[in-house]
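Trainee: Could we go through this structure together? I would like to begin with the overall picture and then turn to details.

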Amino acid sequence: MSTSKTRAHSRRQFLRLLAASPLLPQLDLPAGWMIRAQAAQDSELITLAKDAINVFDFEAVARRNLPPAHWGYMASGSDDDATIAANREGFTRYQLRMRRLIDVSRLDTSIQLLGAKLDSPILLCPVGGQRMFHRDGEMAVARAARAKKHLQVLSTVGNASIEEVSKERGEPVWFQLYQRNDWDLTRQMLKRAEAAGCPALVFTIDLLGGRNPETYQRLMRRDTRQCGTCHDPAPLLDNRRRPMLADLIPPATPSPEVGTPTWDYVKRLKDTIGMKLLLKGIVTREDAELAVKHGVDGLFVSNHGGRAENSLRSTIECVPEVVAGVAGRVPVIVDSGFRRGTDIFKALALGATAVGVGRPYVWGLSAFGQEGVETVLEILQRELQLVMRQAGTTTIKQILRAHVVERRA
């Protein structure tokens, strides 16, 4: 390649890298640079969901489609977003041990989770306010989950109700809880989810200490739109309407909480509901042991995709000690940073029962709606099946700790 062509190629590569960087809106670059960088990136964007080679192909399309504040809400981590990067880097700590000459012509990716058989160990994590990303929001995701037969967990701050999403899914979904400051309000949500047939409650505990989403705050400042210009005013009022909260009836006699939830709160939940109870946000052996002691039915190893504490510790690295803490007594689900079939395989090999994804399916939703979500799930399932064949594992139960080794420094 000639020197001039090499320089041109390098320049295009640099511009594409710049355009894809979350730091681009924060850089004080001349308008011409911004335009050229975006043009370089747009030339590489897929135009159809079926053209995606991996889930990352949806990310750039989602970023182009979304207003800055909406993108920032989804993409932001905590502080400098370092734990988002750590979640991805954590997978490089583990190498795969592949086995040969095993008949892998037939695969079974089904698992048993809390008494239910699932066709795949990949589930859709709760993500709030999905109408920020597509006008059909949680309803499109529910249709995709139904088509591809994946478990879906609905967020407390979703833009659709538990009844609507369960109907679209074709069966009751799981419900994720952000507790209210008044127990009566929390109890109303619990009973509503239970009445809708919800089999499991996922209590998120990794944000109880608060968070610092700097990227979101910066991108909000750059978003000069008036909310009413893009949010449908009727019948949903606007994108921020949250039925599970908006429909709560204030109690005649308030019962405010004292302090933030502790293990006593977990007991109160257990005593109130007939649903299975899972805690989302466990990252240590000590807390895993305490959770089992307090009667929980399952755990999510999670740092909220890097949105909670800025610990610089990936969830994949937390899996072994949490698995040791539960000692096979309850299922362990892990999320945060999963983007590849090999990521999922490593988690299963380390002892996880199932794996949750969040941002990847939201990228798909933002890019192409229901079809995008379906394609993301297809890609992850296909990649998981590929690595299962390469490792000589024809069922999920055959994926063992012996299939991974820690990378030597």
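Mentor: We shall take the overall composition, then one helix, a helix pair and some backbone angles.

Mentor: Please keep in mind that this is a predicted model.

Trainee: How many helices and strands are there in the protein?

Mentor: The protein has 15 helices and 12 strands. Of its 409 residues, 51% are buried. The accessible surface is about 19,200 Å², and carbon and sulfur atoms contribute 51% of that surface.

Trainee: And what share of the contacts with a separation of 6 or more comes from residues 24 or more positions apart?

Mentor: Such residues account for 72% of those contacts.

Trainee: Let us move to helix H7. Which of its residues are buried?

Mentor: In H7, which spans residues 162–169, the buried residues are Ile-162, Val-165, Ser-166 and Arg-169. They lie on the same side of H7, because they cover an arc of only 100° around the axis.

Trainee: Why do residues three or four places apart point the same way in an α-helix?

Mentor: An α-helix has 3.6 residues a turn, so residues at that spacing share a direction.

Trainee: What covers the buried residues of H7?

Mentor: The cover includes helices H6 (137–148), H8 (183–195) and H10 (243–246), together with strands E5 (153–154) and E6 (174–177). Just after H7, Gly-170 adopts a positive phi of about 90°.

Trainee: Changing topic: how do H12 and H13 pack, at what angle and how far apart?

Mentor: Helix H12 (residues 285–293) packs with H13 at an angle of about 30°, and their axes are 8 Å apart. H12 is therefore roughly parallel to H13, since angles under 35 degrees count as roughly parallel. Their crossing is right-handed.

Trainee: Which residues meet there?

Mentor: From H12, Arg-285, Glu-286, Ala-288, Glu-289 and Val-292 meet Glu-321, Val-322, Ala-324, Gly-325 and Val-326 of H13.

Trainee: Back to phi. What is the value at Asp-81, and where does Asp-81 lie?

Mentor: The phi of Asp-81 is positive, near 70°, and this residue is not a glycine. Asp-81 sits in the loop between helix H4 (68–75) and helix H5 (82–89). Most residues other than glycine have a negative phi.

Trainee: Is Asp-81 buried or exposed?

Mentor: Asp-81 counts as buried, because its relative accessibility is 15% and the cut-off for buried is under 20%.

Trainee: And what about Ala-327?

Mentor: Ala-327, also not a glycine, has a positive phi of about 50°. Ala-327 is found in the loop between helix H13 (315–326) and strand E10 (332–334). With a relative accessible area of 53%, Ala-327 is exposed.

Technical notes: Residues numbered from 1 in each chain as written. Predicted model: local features only at pLDDT ≥ 70, side-chain atom pairs only at ≥ 80, totals over all residues. Heavy atoms only, no water. Buried < 20%, exposed > 50% of the residue type's maximum accessible area, 1.4 Å probe, protein only. Helix = DSSP H or I, 4+ residues; strand = E, 2+ residues; numbered from the N terminus. Arc of directions from axis to C-beta. Contact = heavy atoms within 4.5 Å. Areas by Shrake-Rupley, 256 points an atom, 1.4 Å probe, with all protein chains shown as cover. Axes fitted to C-alpha atoms, helices over the stretch in contact; angles between N-to-C directions. Parallel < 35°, antiparallel > 145°, perpendicular 65-115°, else oblique. Left-handed = near helix turned anticlockwise from the far one by under 90°.
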